Every structure is written in C-alpha cells, then in structure tokens.
Amino acid sequence: MADLPDKAANFIEWYLAVVEAANLSDKRYPVKGMNVWTPYGMRARRNLDRVLTTEIEATGSEAVEFPALIPETEFAKEKEHIKGFDAQVFWVTKGGLSTLDVPLVLRPTSETAIYPIFALWVRSHRDLPLNVYQIVNTFRYETKTTRPFVRVREIHFFEEHTCQLDEAAATARVQSNLGAFRRMAAAFALPYLAVRRPEWDKFAGAHYTIAFDLPLGGARVLQLGSVHHYRDNFAVPYGIHYEGIDGTERTVHQTTFGLSERLLGAIVGAHGDQRGVIFPTAVAPYEVVVIPIPSASTTQDVPSAARAVVEELQRAGRRVHLDAGDERPGAKYYRWELAGVPLRIEVGARELERGQLTAADRLGRKQAIARASLTTEIGRLLAAFDQELAARAQAAFRGAIAPAATLAELKDSERVRAVGWCGDEACGHAIETAIDGALLGTPEEPLDLPVPKACVHCGRTEGVRLALAGQPM
Ligand code: ZN
C-alpha cells in the first residue's frame, strides 16, 4: 500500500499514480496514448456519458453516428481547418494490398465527415434548426507526453454539430450550449471559467470559440471542452444552403460543442486527495459499497443482512457493490476510498442488534443510520455528500484566481491571474510570455472580480477588459 505522491507539491505525479491505483485505465497497450478502458473505468465513463446525453437531449439534440474515416478531398475543403489539424491526423492510405485513390483521414473531429451530408439533409427553412450529436472515438497524433484521459491519441469524444437559420440563431444555440454545460458541470461538482479564446487560439475554422477552463492548482488550468460559433465558414465550402421563407437561397450558420473523456480526468484532478479519487455521485462507478464486518455473534447473520442491504438499495435504483471478500475491513476501507466510492455502509452485528448500520462518506463523515429507513437515509447522505463536494470545489476555485496589476506578478504565479487587457495581440503575447502559459481569454460569464482600469502591458485604458491568464495542462 504505497502512499500517493503529494498532490499539492507534485500534481502530475499524484494524478498518474491515483489513476493507476484506482484502476481506471490501463496504459500498457502497445500504442502510445491509446489506453484501455478497464471495467471500473468504463462504469465511470458510462455514467459520465449519461449526464452528457441527458442534458444535450433536453436542449433538442438528437443522437447520430457518422463514419470514422474521412476522404482527404472532404477534409481539405475548409482551408483554416486543415491548416489547424494537418500535423495531428492519422492517415489510412492502403486498402488491403492496394494504395487508395483518395487517402482517408481517421477523424480528429467530425466537421468534415458530417457537413457533406448536412448539405444533403438541409433543403428548406423547415429543416432547421438541425441539432445532432455523437459520442465516438476520435484520433489525434499527439506528440507531447500523453496522460490518461487528459492527453491521449484515441479520444472518447462528445461532439454536437448544428445548422441554424442565421447568425443570431447560431448565437442563441451557443448560449443554449453554455446552459447545458453549466448543468453538466454541476452534476460533476466542477466549477470552471467560461472564456472567449483570443483570435490566435480559437478553433481552426471558427468565428469564435468559448472554452471551459478548470483551475487545478498553481497557475495550471485544464480545458474541459468548448463551444464554437462557425458563422457560415464551413457552410459555404460544404454547400449547406436552404430555401428561406421568402424563397431565396440562404446559407446556414453553424455551431459545435465538444467535450471528452478529459472530464473524467478533471473529476479525478479536482476532487481527489491523498487517499485517492473522490467521485461525485452522478459519475461514481458504485454510489455505495457495502462491507460486512465479521463477527462471532450467534444472534445476527451478518452476511445475509449485508446481502439484504444491497438488494434493497438495488431495488431503489442505486449502483451498489457488496464487498464480501475475506480481507480485513480496514483493507477494504482503504481500497474503496482509493477508488473514490462516495458512501460506505458497514454492516456489523452490534449495530444490527440496535437496528442500525454505519455509514461513512468519502469526505470522512461517519454516522449511524436506522436500518428501517435505509433507502431514504442513503438518498439524504448522498445528496449531502454531493453538496459538500461542490462547496469544497467552489472554495478551491475562488482561491485559485487572483488579480495581477503588473507583468512581474505573473511570473512564477501560484494562481490563475486576472489582468487588464486592451485587446491587442502583441499585449496578449506579452502576457503569455510573462506567465509562461496562455492568455485564456475574456470571461463569458460574470466573475466576482474587479475590471482593471488599464492594460497590464501597454497601460492603455481605452477598451480595457478583464482577461485571464494561466498555464494549460
Ligand atoms: Zn495593451
């Protein structure tokens, strides 16, 4: 039972160790950055996907699935897009023994797979809006150090693609996506910054990009996902036109919304501690683990009582696991804390005699509960656990961002920094050099921070806005 590296001092080492110790992913597959989803990791992933699916479908999006291979001729149609992805794609150039006439790209993202078909589907204003999403694997030839969930070459990816009547309708879809992400992040107990990326850092081919960044200690941030407004940048080259109400031909405006398995890495990174992972209930592979405490009692049948507890919770729709193995209870507590299970129920002879069970949550709070009101008590304890997890994450989030009035303050920063920025690209790059990271962008949702009076680089006061700077992971 090796101790985990110190999270505050060695975040990356801690992260890699905790993912491995909790058995969420197996990185021994013989292709760099292509990891194996373990049974336990898959349980978390399916719960995560359920949250994404529920929230996006509530905003009127429908599931589709497009092929993984994209002809080079389609991939190359939007010039900025291919420039942005050229160095990151895997190619399929042979079919059996023959060289393919048109090489195929293994999708790094699916705009260029989907939009030729959108051009066939959209004919009239009656076909709009068209809101569809898919959850598929995408592939990127990552050259930096790969890390489970956070930077991989085969990515479990959520992508919504939409076609709207005009620019205003596309802007409204972006706002709808921001609302959907707010509800998803609440289920994961993840606070985040929604920022509009600067021009030089927007998605290849986008009119603008809004990204969600999670502070993870120091100046470090992890991008959780993003929403893009494309205007008609893709619709023109892909010919996505429709007949308007007035009979004239118009071009759709488009949006996309992308998320990935990185959310799982964010949950591990944001909530975990020195004892292991801490899963919010919505994502936890098991919400409850039940552990019988062996006893010499002749009046209480502990194993049967433990099974009855499991069955009752399962009937109530809870994801519950019975750990009836022959290890000592202490060893089981340790293992399930490492694995991040929100709630542990201990079934012991003495408690049973009093009509009670012991409940311990992953935040270290322990109490006796009445056996007779098991289901209600578990519901209450899990809700209280989620609330406290969110409160702790929110407190860490507030402490993670601090204003900086000079470029010198950005150097060796222990926080994500809020600065004044005039909007000039040169000033933006000066800020990036000072923090040895990135100008993340300007907040898209209100932040409880004063708007600075002058640009932190040039000192100009005209057009100054609040901007955030940090070090992307
Ligand atoms: Zn400036």
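In this predicted model, Pro71 stands opposite Leu104 in strand 6. The pair belongs to the contact between strand 4 and strand 6 (residues 98–106), two strands that run antiparallel and are joined by three bridges. Together with strand 5 they form an open sheet of three strands, in the order 4-6-5 and with antiparallel pairing. Strand 4 (69–71) and strand 5 (90–95) take the edges, and each has a single partner strand, so one side of each is left without a neighbour in the sheet. From one strand to the next, the twist in this sheet averages 45 degrees.

A second open sheet has five strands, ordered 16-15-17-18-19, and its pairing is mixed. At its edges are strand 16 (320–322) and strand 19 (366–370), each of which pairs on one side only. The twist here averages 25 degrees from one strand to the next. At one end of the order, strand 15 (residues 288–292) and strand 16 run parallel and are joined by three bridges. Val288 stands opposite Val320 in strand 16. Helix 12 (residues 374–399) lies across strand 15, strand 17, strand 18 and strand 19 of this sheet. With respect to strand 19, helix 12 runs at about 150 degrees.

Part of the five-stranded sheet also borders an enclosed space. Rolling a probe the size of a water molecule over the atoms shows where empty space is left. A search of the whole structure finds one cavity of 30 Å³ or more, and the volume of this largest cavity is about 60 Å³. Its lining consists of Val289, Trp336, Glu337, Val341, Leu343, Arg344, Ala360, Asp361 and Arg362. At least two of the lining residues come from each of helix 10 (329–338), strand 17 (343–347) and strand 18 (356–361). By class, the lining of the largest cavity holds five nonpolar and four charged residues, with no polar ones.

The open counterpart is the largest pocket, with a volume of about 1300 Å³. The pocket is lined by 45 residues, and those lying nearest its centre are Gln88, Arg140, Asp201, Gln223 and Arg262. Several elements each supply at least two residues of this lining: helix 4 (79–85), strand 8 (154–164), strand 10 (208–215), strand 11 (220–231), strand 14 (253–260) and strand 22 (438–443). Strand 11 gives the most, with eight residues. The lining of the largest pocket divides into 20 nonpolar, 13 polar and twelve charged residues.

Helix packing comes next. Two packed helices are described by the angle between their axes and the distance between the axes. For helix 2 (residues 39–57) and helix 8 (residues 262–271), the angle is about 110 degrees and the axes are 10 Å apart. That angle makes helix 2 roughly perpendicular to helix 8. In the contact, Ala44, Leu48 and Leu52 of helix 2 meet Leu263, Leu264 and Ile267 of helix 8. The residues of this contact are six nonpolar, no polar and no charged. Helix 8 begins at residue 262, and Arg262 is among the residues that lie nearest the centre of the largest pocket.

Two details of the backbone remain. Most residues other than glycine have a negative phi, and most peptide bonds are trans. The peptide bond from Leu128 to Pro129 is cis, with omega near -5 degrees. Pro129 lies in the loop between helix 5 (111–121) and strand 7 (130–139). The other detail concerns Asp412, a residue other than glycine whose phi is positive, near 50 degrees. Asp412 is found in the loop that runs between strand 20 (401–403) and strand 21 (416–421).

Key: Residues are numbered from 1 along each chain as its sequence is written. This is a predicted model: local features need pLDDT of at least 70, side-chain atom pairs count only at pLDDT 80 or more; totals for chains, interfaces and linings use all residues. Side-chain values use heavy atoms; hydrogens and water are left out. Two strands pair if DSSP finds at least two bridges between them. Helices (H or I, at least four residues) and strands (E, at least two) are DSSP runs, numbered from the N terminus. Axes are lines fitted to C-alpha atoms, for helices over the stretch in contact, and angles run from 0 to 180 degrees between N-to-C directions. On a 1 Å grid over the protein atoms alone, a cavity is a set of points where a 1.4 Å probe fits but cannot get out, and a pocket is an open set with protein on both sides within 12 Å along at least five of seven lines; lining residues have an atom within 4 Å of a point. Grid points are joined across faces, edges and corners, and a volume is the space filled by probe spheres set on the points. Ala, Val, Leu, Ile, Met, Phe, Trp, Tyr, Cys and Pro count as nonpolar, Asp, Glu, Lys and Arg as charged, and the others, Gly among them, as polar. Angles under 35 degrees count as roughly parallel, over 145 as roughly antiparallel, 65 to 115 as roughly perpendicular and the rest as oblique. Contact means heavy atoms within 4.5 Å.
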